[in-house]
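User: I am new to this structure and would like to go through it in questions and answers. Please start with a pair of packed helices.

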Amino acid sequence: MPFDQDARDSGIALALSGGGFRAVLFHVGVLWRLNELGTLGRIARFSSVSGGSITAGVLAVRWPRLAFDANGRSARFQDEIVAPLREFCARNIDVASVLAGAFNPFRSAGEAVADEYRKRLGLGVSLQTLADTPRFVFNATNYATGVSFRFSKPYAGDYRIGLIHKPAFDVATAVACSSAFPPVLAPIEIDVRPEDFARVDGADLYDQIDYRRRLMLADGGVYDNLGLETVWGRYETVLVSDAGKPFDIDAGIGTLAPRQILRAMDIGLNQALSLRKRMLIAAYARGDAKGAFWAIDTDPGDYPATELPALRVAPERIADLAAIRTRLDRFKEQEQCELINWGYAVTDAAVRSRAPHVAFLAEKPAWPYADHALH
């Protein structure tokens, strides 16, 4: 679907993909470099999925504390964003939550994760406490309707059942639903009042009240692991950071039924993801949209040289980082530092190469963690 040039806002949007704690840390590096370039403080919308929503949730709650200067840069970024997320990613969240859900019939594993977000990251505040600008959109998947269910300050809902205006959900609930990876952490069941929903154009299921009594929500990556849909066609500049798992090429997949079923699911998800990527890249190429896309398995050679030298990254290091697990379990010091370094480096190369108009400051890149440089 082509972009409507007249309908798009002139601002900058950033989409942060899923990918567990690996994505959380990779996106920390992304935001680190965008902060140095003076881009972060000028972003109009953040759209996030799963692990990206954990990063975005902390950013949303702590946004007022960042105190961006006139150049769109915050001197408090490391203290307010990096430190709490690194501490959180040093914990085993998924195992503890699964066990908590298994032994408590009144609370699911996904709800236990939400409690961890409240306790460890301070996300137990209402969506209504967030800033109006930028807008943060946390994307989940509605199992019942098969489409994206979005949480934001102005509304929550999906286009098939309608919208809840000024929803009272806390940020932890939004992030937990967005990161409820099936079948371990999903679904998260939320009882809602049908009368809280307002009908919108295209809400073909609005009259079927059961869809507005209980929500069955799962990881946003089931529907759109890039979080692209909420920014697609809305902004002139769209930046997309993909820390998701690259598709595994496997010549020995075998004939056992369970493996075939899982493989078919992987192929279907990969096809949908690939289509979204191709649409985005084609829009860039046609000039319908400005921006840049980068991924955890990106080849730095995809980006031409820029005025400032890019950080050199060894290909074998990229392959290793792209193969790291996507769970919510403990990441060691080296893993954390290398993932943040890689997110920083690839964002620097992609933005200055493909979207130099949003690199407002000519800040020479330098490894966030020099002891874990990737060359």
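User: Which residues of α10 does α1 meet?
Analyst: This is a predicted model. On the α1 side the contact involves Arg 22, Leu 25, Phe 26, Val 28, Gly 29, Val 30, Trp 32, Arg 33, Leu 34 and Glu 36. Their partners in α10 are Gln 336, Leu 339, Ile 340, Trp 342, Gly 343, Tyr 344, Val 346, Thr 347, Asp 348, Val 351 and Arg 352.

User: How do the residues of this contact divide into nonpolar, polar and charged?
Analyst: The contact of α1 with α10 has five charged residues and four polar ones. The nonpolar residues number 12.

User: Is α1 parallel or oblique to α10?
Analyst: Helix α1 covers residues 20-36 and helix α10 covers residues 333-354; their axes come within 7 Å and cross at roughly 45°. Angles under 35 degrees would count as roughly parallel, and 65 to 115 as roughly perpendicular. The crossing angle therefore makes α1 oblique to α10.

User: Is the crossing of α1 and α10 left-handed or right-handed?
Analyst: The angle of roughly 45° does not by itself name the hand. The crossing of α1 and α10 is right-handed.

User: Which residues touch the most other members of the largest nonpolar core?
Analyst: This core holds 98 residues. One member that touches the most others is Phe 151; leaving aside neighbours within four places in sequence, its contacts include Leu 127, Phe 136, Phe 169, Ile 190 and Leu 217. The full set is Ile 54, Tyr 117, Phe 138, Phe 151, Trp 294 and Trp 342.

User: Which peptide bond is cis, joining Thr 133 to what?
Analyst: The residue in question sits in the loop between α5 (109-121) and β3 (135-142). Omega of the bond is about 0°. Thr 133 is joined by this cis bond to Pro 134.

User: Is Ala 67 exposed or partly exposed?
Analyst: Ala 67 is in the loop between α2 (51-66) and α3 (77-88), and its phi is near 50°, a positive value in a residue other than glycine. Exposed means over 50% relative accessible area, and buried under 20%. At 43% relative accessibility, Ala 67 therefore counts as partly exposed.

User: Is Lys 166 buried or exposed?
Analyst: Lys 166 lies in the loop between β6 (162-165) and α6 (171-178), and has a positive phi near 50°. Its relative accessible area is 66%, and the cut-off is over 50%. Lys 166 is therefore exposed.

Methods. Residues are numbered from 1 along each chain as its sequence is written. This is a predicted model: local features need pLDDT of at least 70, side-chain atom pairs count only at pLDDT 80 or more; totals for chains, interfaces and linings use all residues. Side-chain values use heavy atoms; hydrogens and water are left out. A nonpolar core is a set of buried Ala, Val, Leu, Ile, Met, Phe, Trp, Tyr and Cys residues joined through side-chain atoms within 4.5 Å. Buried means under 20% relative accessible area, exposed over 50%, partly exposed in between (1.4 Å probe, protein chains only). Contact means heavy atoms within 4.5 Å. Axes are lines fitted to C-alpha atoms, for helices over the stretch in contact, and angles run from 0 to 180 degrees between N-to-C directions. Helices (H or I, at least four residues) and strands (E, at least two) are DSSP runs, numbered from the N terminus. Angles under 35 degrees count as roughly parallel, over 145 as roughly antiparallel, 65 to 115 as roughly perpendicular and the rest as oblique. A crossing is left-handed if the near helix is turned anticlockwise from the far one by less than a right angle, and right-handed if clockwise. Ala, Val, Leu, Ile, Met, Phe, Trp, Tyr, Cys and Pro count as nonpolar, Asp, Glu, Lys and Arg as charged, and the others, Gly among them, as polar.
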